[in-house]
Amino acid sequence: MDPPPNQSDRIANRLALYQQQISPHSSNPTKAPNTGQSTMAARDPITCHCLNTLTGTPAANLPVTLTLLSGSASGTTFRATTNGDGRVANWTPVQSDETVPAILAGLETADVKTNWSVRFDVGPWYEAQGIESFWPEVEVKFTVKGRGREGEEGWRHYHVPVLLGPWNYSTYRGSSIVDMMGVTT
């Protein structure tokens, strides 16, 4: 049984988008619509994604803070707000001009570990929507191993997805295999 015509168009558009994400330099003349997302080269080595499980939608306009917890630059803080897809691809330094890629690129060896925290300010975000939240904030602490120089030994991309509800949350390490294709979970 064939899908209805409008569903076929949506499927074709979705497949074209996937193809563009997997092969951004493809010579395929079918071009997916511009989603406004950063390309793989334009994103920081640490990214995050938040989905609102209450509504089943991306957690757009959610304030997020990234903090380095270890090393010589310990306490360095970055801020961002999730985009319409609930993602943060780039961080803005709060008290210095140092970027996440610069901190990771400046590490002494390719196998150095640094500890980081990403904090989602969910209480005020849910409150602004008229929803009571048990969590004033959700903080995820994790370890980054590697220098952060893309294309060099030790470089890895770290993606921290969070599934968020007013009374629950869940997180996991984003998929490395998918990240290599330029798509993050």
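Here a trainee and a mentor talk through a predicted model and the reasons behind its labels.

Trainee: Before the details, what does the chain contain?
Mentor: There are four helices and ten strands, and along the sequence they follow the pattern α-β-β-β-β-β-β-α-β-α-β-β-β-α. The chain has 185 residues, and 36% of them count as buried.

Trainee: Let's take one residue, T65. Why is T65 called buried?
Mentor: T65 has a relative accessible area of 3%. Buried means under 20%, so T65 falls on the buried side of that cut-off. T65 sits in strand 3. Setting aside neighbours within four places in sequence, the residues in contact with T65 include F78, W91 and V118.

Trainee: What makes strand 6 and strand 8 edge strands?
Mentor: Each of them pairs on one side only. They belong to an open sheet of five strands, in the order 6-4-3-7-8, with antiparallel pairing.

Trainee: How do you know that strand 7 and strand 8 are paired?
Mentor: Two strands pair if there are at least two bridges between them. Strand 7 and strand 8 are joined by eight bridges, so they count as a pair, and they run antiparallel. One residue to look at here is F120, whose bridge partner in strand 8 is V138.

Trainee: Which residues of the largest nonpolar core touch the most other members?
Mentor: They are I46, W91, W116, V118 and F120, in a core of 31 residues. Among the elements that give two or more residues to this core are strand 1 (46–52), strand 7 (113–120) and helix 3 (122–127).

Trainee: Helix 2 is on that list as well, isn't it? Then where does I103 lie?
Mentor: Helix 2 (100–105) does give two or more residues to the core, and I103 lies in helix 2.

Trainee: Why does I103 count as buried?
Mentor: Its relative accessibility is 7%. The cut-off for buried is under 20%, so I103 qualifies. Leaving out neighbours within four places in sequence, I103 is in contact with L68, T76, F78, E98 and W116. You can also look from I103 to R147: these residues are 44 apart along the chain, and their C-alpha atoms are separated by 8.4 Å.

Trainee: Now the cysteines. Why is there no bond between the sulfurs of C50 and C48?
Mentor: The sulfur of C50 is 7.6 Å from the closest cysteine sulfur, in C48. A disulfide needs the two sulfur atoms within 2.5 Å, so this separation is too far for a bond. A search of the whole structure finds zero disulfides.

Trainee: Are C48 and C50 buried or exposed?
Mentor: C48 has a relative accessible area of 1%, so C48 is buried. C50 is buried too, with a value of 0%.

Trainee: On to the rings. What makes the pair of F134 and W135 edge-to-face?
Mentor: Two values decide it. The ring centres are 4.9 Å apart, and a pair needs centres within 6.5 Å. The planes stand at 80°, and over 60 degrees counts as edge-to-face. Both conditions are met, so the pair earns its label.

Trainee: Why is F134 called exposed, while W135 is called partly exposed?
Mentor: Exposed means over 50%, buried means under 20%, and partly exposed lies in between. F134 has a relative accessible area of 59%, so F134 is exposed. W135 has 21%, so W135 is partly exposed.

Trainee: How do you know that W135 and Y169 form an edge-to-face pair?
Mentor: Their rings are 5.1 Å centre to centre, with 80° between the planes. The cut-offs are centres within 6.5 Å and planes over 60 degrees apart, so W135 and Y169 pass both. This pair links distant parts of the chain: W135 is in the loop between helix 3 and strand 8, and Y169 is in strand 10, 34 residues apart.

Trainee: And why is Y169 called partly exposed?
Mentor: Y169 has a relative accessible area of 35%. That value lies between 20% and 50%, so partly exposed is the right name for Y169. F134, W135 and Y169 form one aromatic cluster, and the whole structure holds four aromatic pairs.

Conventions. Residues numbered from 1 in each chain as written. Predicted model: local features only at pLDDT ≥ 70, side-chain atom pairs only at ≥ 80, totals over all residues. Heavy atoms only, no water. Core = buried A, V, L, I, M, F, W, Y, C linked by side-chain atoms within 4.5 Å. Buried < 20%, exposed > 50% of the residue type's maximum accessible area, 1.4 Å probe, protein only. Contact = heavy atoms within 4.5 Å. Phe/Tyr/Trp six-rings, centres within 6.5 Å; stacked < 30°, edge-to-face > 60°.
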